[in-house]
Amino acid sequence: MCLAVPLKITEIHGKEAVAESMGMRRKIRVDFIENPQVGEYVIVHAGFAIERLQEKQAMEDLETWEELDKAVTAEYSTQTIGKS
Amino acid sequence: MKTERLCNELAALPLDREVCLMEVCGTHTMAIAKSGIKSILPKNVKLLSGPGCPVCVTPASDIDAILELSMCPNVIIATYGDMVRVPGSTPGDNLARRKALGAQVRVVYSPIDAVETAKQNPEKEVVFLGVGFETTAPGTAAAALAASDEGVSNFTVFSMLKAVEPALRALIAMKGFRVEGFLCPGHVATIIGERGFAFLPEEFKMPAVISGFEPEEIMLAIWHLLRQITEHTPKLENKYKQAVSPRGNILAQRVMASCFEMKPSYWRGLGLIPASGLKFRKDFSGLDAEKRFAEILGEEARGARKGSPAQSACRCGDIITGRLSPVQCPLFGKRCLPEDPVGPCMVSSEGACAAAYKYMDYIGFSENG
């Protein structure tokens, strides 16, 4: 039950909404999302959206790997090269 | 390519001794097993599964109480699917078996679905099994409040909800606890905020990294943890910023706090931990299944059951506290199998034993379990 999936909101009816991912549509609750908007991605956990995702995985991947690049090319990396 | 590069960076870390890290989230456990991350980590890095699977930390005495309640003819048990096959203190006795004996058990995806079940069955008492951590607690509270607002008087919740922080504190205080860094659960952090894990480095000098759920994200988080360890710079790093803010989801926290307050709670493997469980506030006692079915679910009734002998040789308690890996349990893969589980760690789809068994072909479990 800890599983959570990112879904895209397609309809909003008060605290209820419809969200989808890869053709799967699901009724969800948006009690915990301030001013939810159609088209936004949210993380859904046990039927409740628990947070919005700004631009889903793409941005996240980009940030993560840029960060790694920065980190491993910094001083630390140069110190450890050759130790493997 | 990214994974290969990360593997190289991990191998380049100056680790000259064994280091144990722990994840405390069932989704992390499954993602790690499924992706085979353990098999590509340096041999001296051990990943242990902590108390991150809600079903796994629920004590047998709670399950016994639920099984007894399920046999009441006017009661419908509404539950997440994971709970259906969890045995109580008698091996083989679970909600699935009770259903075959006539109990009414409905599997729901969301607590809101359980409220719907109550509306559709006004002549029955619908009891939702509220298990989980801060991720499921807000939704459980919201569903209970919705039932109250709509006057659905035949809906109650048996709250076995728990908070993650007290369990981590209890683990760290455990004699012989050898974990040197925590892979913090991304979804719990989504609710409580990254500050919810700041106590790890601040009070215990314990490296902590909040991670997402893709294999590369987990690998990256492990690399950050190991880097903190090798550099002796324990801190909290949030590597799941697309969902986790410093203060978390305030709306969810508000709903949770309006409905629940802290109570002492029993954890499988960890025992009684003060202020680690969530119970209904007095104003909402009408929603509390412990009150409505006090003779079965009440603390006194459940306390009496705790005297019953522990079940067989199951070592789930040791596994979720990092003392053993699944393969070290004498029942693993022999008497305890996914199709006929003895303990909750093999039952739950997020359990450490289920994950290790399902993906053992990939993880080289005998070496790095």
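# Notebook: disulfide, sheets and rings in chains A and B

I began with the cysteines and found that the structure holds one disulfide over all chains. I note at the outset that this is a predicted model, and I read each entry below with that in mind.

**Entry 1, cysteines.** I looked up the partners and found that Cys53(B) and Cys56(B) form the disulfide, with their sulfur atoms 2.4 Å apart. I then checked the handedness: the torsion about the S-S bond of Cys53(B) and Cys56(B) is about 70 degrees, so I recorded the disulfide as right-handed. I also looked at accessibility, and both Cys53(B) and Cys56(B) are buried.

Why does Cys184(B) not form a bond with Cys25(B)? The closest cysteine sulfur to that of Cys184(B) is the one in Cys25(B), and I entered it as too far for a bond because the two are 11 Å apart, where the cut-off for a disulfide is 2.5 Å. Cys184(B) has 0% relative accessibility and therefore counts as buried, whereas Cys72(B), at 22%, counts as partly exposed.

**Entry 2, strand β2 of chain B.** I went through strand β2 (residues 45-49) of chain B residue by residue and found five of the five buried, so I describe the strand as largely enclosed by the rest of the structure. In a regular strand the side chains alternate between the two faces of the sheet, which is why I listed the two sides separately. On one side I have Val45(B), Leu47(B) and Ser49(B), on the other Lys46(B) and Leu48(B), and with all of them buried both faces of β2(B) are covered. I was careful to write down that Lys46(B) is among these buried residues.

For the neighbour of this strand, I noted that β1 (residues 19-23) of chain B pairs with β2(B) in the parallel sense over five bridges. Within that pairing, Leu21(B) has Leu47(B) in β2(B) as its bridge partner, and Leu47(B) is one of the buried residues already listed.

**Entry 3, the four-stranded sheet.** In what order do the strands of the open sheet of four strands in chain B run? I read the order as β4-β3-β5-β6 (chain B), with parallel pairing. The edge strands are β4 (104-107) and β6 (155-159) of chain B, since each pairs on one side only. From one strand to the next, the twist averages 25 degrees.

I followed one pairing in detail: strand β3 (residues 75-79) of chain B runs parallel to β4(B) and is joined to it by four bridges, and Thr79(B) stands opposite Val107(B) in β4(B). Turning to the helices, I found that helix α7 (residues 111-120) of chain B packs on the sheet and touches β3, β4, β5 and β6 of chain B, its direction making about 170 degrees with that of β5(B). Helix α5 (residues 60-70) of chain B lies across β3, β4, β5 (125-130) and β6 of chain B, and I recorded its angle to β3(B) as about 135 degrees.

**Entry 4, aromatic rings.** A pair of aromatic rings is described by the distance of the centres and the angle of the planes. The count comes to eight aromatic pairs over all chains. Among them is the pair of Phe32(A) and Phe48(A), which is stacked, at 5.5 Å centre to centre and with 20 degrees between the planes. Phe32(A) lies in the loop between β3 (24-29) and β4 of chain A and Phe48(A) in strand β5 of chain A, so I noted that the pair ties together parts that are 16 residues apart in sequence. Both Phe32(A) and Phe48(A) are buried.

I entered a second pair, Phe177(B) and Phe182(B), as stacked because the ring centres are 6.2 Å apart and the planes stand at 20 degrees, which falls under the cut-off of 30 degrees for stacking. Phe177(B) counts as buried at 16% relative accessibility, and Phe182(B) is buried at 0%.

**Entry 5, charges over rings.** I found the charged end of Arg26(A) over the ring of Tyr109(B), 3.8 Å from its centre. Lys162(B) lies over the face of Trp267(B), at 5.4 Å from the ring centre.

**Entry 6, positive phi.** Ala46(A), in the loop between β4 (41-45) and β5 (48-53) of chain A, has a phi near 50 degrees, a positive value in a residue other than glycine. Is Ala46(A) buried or exposed? With a relative accessible area of 9%, Ala46(A) is buried. I also looked up His232(B), whose phi is near 55 degrees and which is found in the loop between α12 (215-231) and β9 (236-238) of chain B; His232(B) counts as exposed, at 66% relative accessibility.

Key:
Residues numbered from 1 in each chain as written. Chains lettered and ligands numbered in written order. Predicted model: local features only at pLDDT ≥ 70, side-chain atom pairs only at ≥ 80, totals over all residues. Heavy atoms only, no water. Buried < 20%, exposed > 50% of the residue type's maximum accessible area, 1.4 Å probe, protein only. Pairing = 2+ DSSP bridges. Phe/Tyr/Trp six-rings, centres within 6.5 Å; stacked < 30°, edge-to-face > 60°. Lys NZ or Arg CZ within 6 Å of the ring centre and 35° of its normal. Axes fitted to C-alpha atoms, helices over the stretch in contact; angles between N-to-C directions. Contact = heavy atoms within 4.5 Å.
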